[in-house]
Amino acid sequence: MSTPYHIDQNPHKGNRGLTRAWHAAKNSWCGIVYAFKEESAFRQELMLLLLLAPIALFMPVSPLEKAILISSLVMVLVVELLNSSVEAAIDRISFEHHDLSKRAKDFGSAAVMLTLFISALLWLTISFPVVIHS
């Protein structure tokens, strides 16, 4: 029988307070850099954010609607990062084809697609009245 897990057994959980926050920020930045270098979908979605965010800022809509438009694009990047992390973990286990590996990767891809759909729906819903009344 295995012994119960205690946090002190984990060498990665030793930092506390500002040290932990600093290391977390460095790791987060590394994740963004890796995604930018290695994931073409992340780069494409980042370009979408960089193109559409200024448009959202200058649209004649409420500050809340601007925040919703920009947040929907950021959420696409968040889900893409999660999808990429699933793919990386599966590839670390094996490059061989396995139905469960394919399923996990397909689930991640579907999550990105649904997030893109939600973002497009929000953009159309908020932008369409602006176009009609212009």
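User: What is the relative accessible area of K105, and how should I read that value?

Analyst: Buried means under 20% relative accessible area, and exposed means over 50%. K105 has 25%, so K105 counts as partly exposed. Keep in mind that this is a predicted model.

User: Where does K105 sit, and which residues does K105 touch?

Analyst: K105 is part of helix α4. Leaving aside residues up to four places away in sequence, K105 touches N83, E87, I90 and D91. One of these partners, I90, is 15 residues from K105 along the chain. The C-alpha atoms of K105 and I90 are separated by 8.1 Å.

User: In which helix does I90 count as buried, and which other residues there are buried?

Analyst: I90 is a buried residue of α3. The others are K66, L69, S72, L73, V76, L77, V79, E80, N83 and S84. Note N83, which K105 also touches.

User: How does the span of α3 compare with what its 31 residues should give?

Analyst: Take 1.5 Å a residue. Helix α3 covers residues 63-93, so it should span 45 Å. Its end C-alpha atoms are 45 Å apart, which agrees.

User: Where is R103, and how much of R103 is accessible?

Analyst: R103 lies in helix α4, residues 99-132. Its relative accessible area is 46%, so R103 is partly exposed. R103 and L48 are 55 residues apart in sequence. In space, their C-alpha atoms are 27 Å apart.

User: How do I read A41 in the same way: which helix, and what relative accessible area?

Analyst: A41 belongs to helix α2, which runs over residues 40-58. With a relative accessible area of 25%, A41 is partly exposed. Now set sequence against space. A41 and G108 are 67 residues apart in sequence, and their C-alpha atoms are 13 Å apart.

User: How many helices and strands does the whole protein have, and in what pattern?

Analyst: There are 4 helices and 0 strands. Along the sequence the pattern reads α-α-α-α. The radius of gyration is 20 Å, well over the 14 Å that the globule rule gives for 134 residues, so the protein is more spread out than a compact globule. The C-alpha atoms fill a box of roughly 70 × 45 × 30 Å along the principal axes.

User: What share of the residues is buried, and what share of the contacts joins residues 24 or more positions apart?

Analyst: Of the 134 residues, 21% count as buried. Among contacts with a separation of 6 or more, 64% join residues 24 or more positions apart.

User: What supplies the exposed area, and how many charged side chains of each sign are there?

Analyst: The protein exposes about 10200 Å². Carbon and sulfur atoms supply 70% of that area. Then count charges: 11 positive and 11 negative side chains. The centres of the two sets lie 8 Å apart.

Definitions and conventions. Residues are numbered from 1 along each chain as its sequence is written. This is a predicted model: local features need pLDDT of at least 70, side-chain atom pairs count only at pLDDT 80 or more; totals for chains, interfaces and linings use all residues. Side-chain values use heavy atoms; hydrogens and water are left out. Helices (H or I, at least four residues) and strands (E, at least two) are DSSP runs, numbered from the N terminus. The radius of gyration is taken over C-alpha atoms; the globule rule is 2.2 Å times the number of residues to the power 0.38. Buried means under 20% relative accessible area, exposed over 50%, partly exposed in between (1.4 Å probe, protein chains only). Contact means heavy atoms within 4.5 Å. Accessible areas come from the Shrake-Rupley method with a 1.4 Å probe; for residues, only the protein chains shown count as cover. Lys and Arg count as positive and Asp and Glu as negative; His and the chain ends are not counted. The place of a charge is taken as NZ of Lys, CZ of Arg, CG of Asp or CD of Glu. The expected span of a helix is 1.5 Å times one less than its number of residues.
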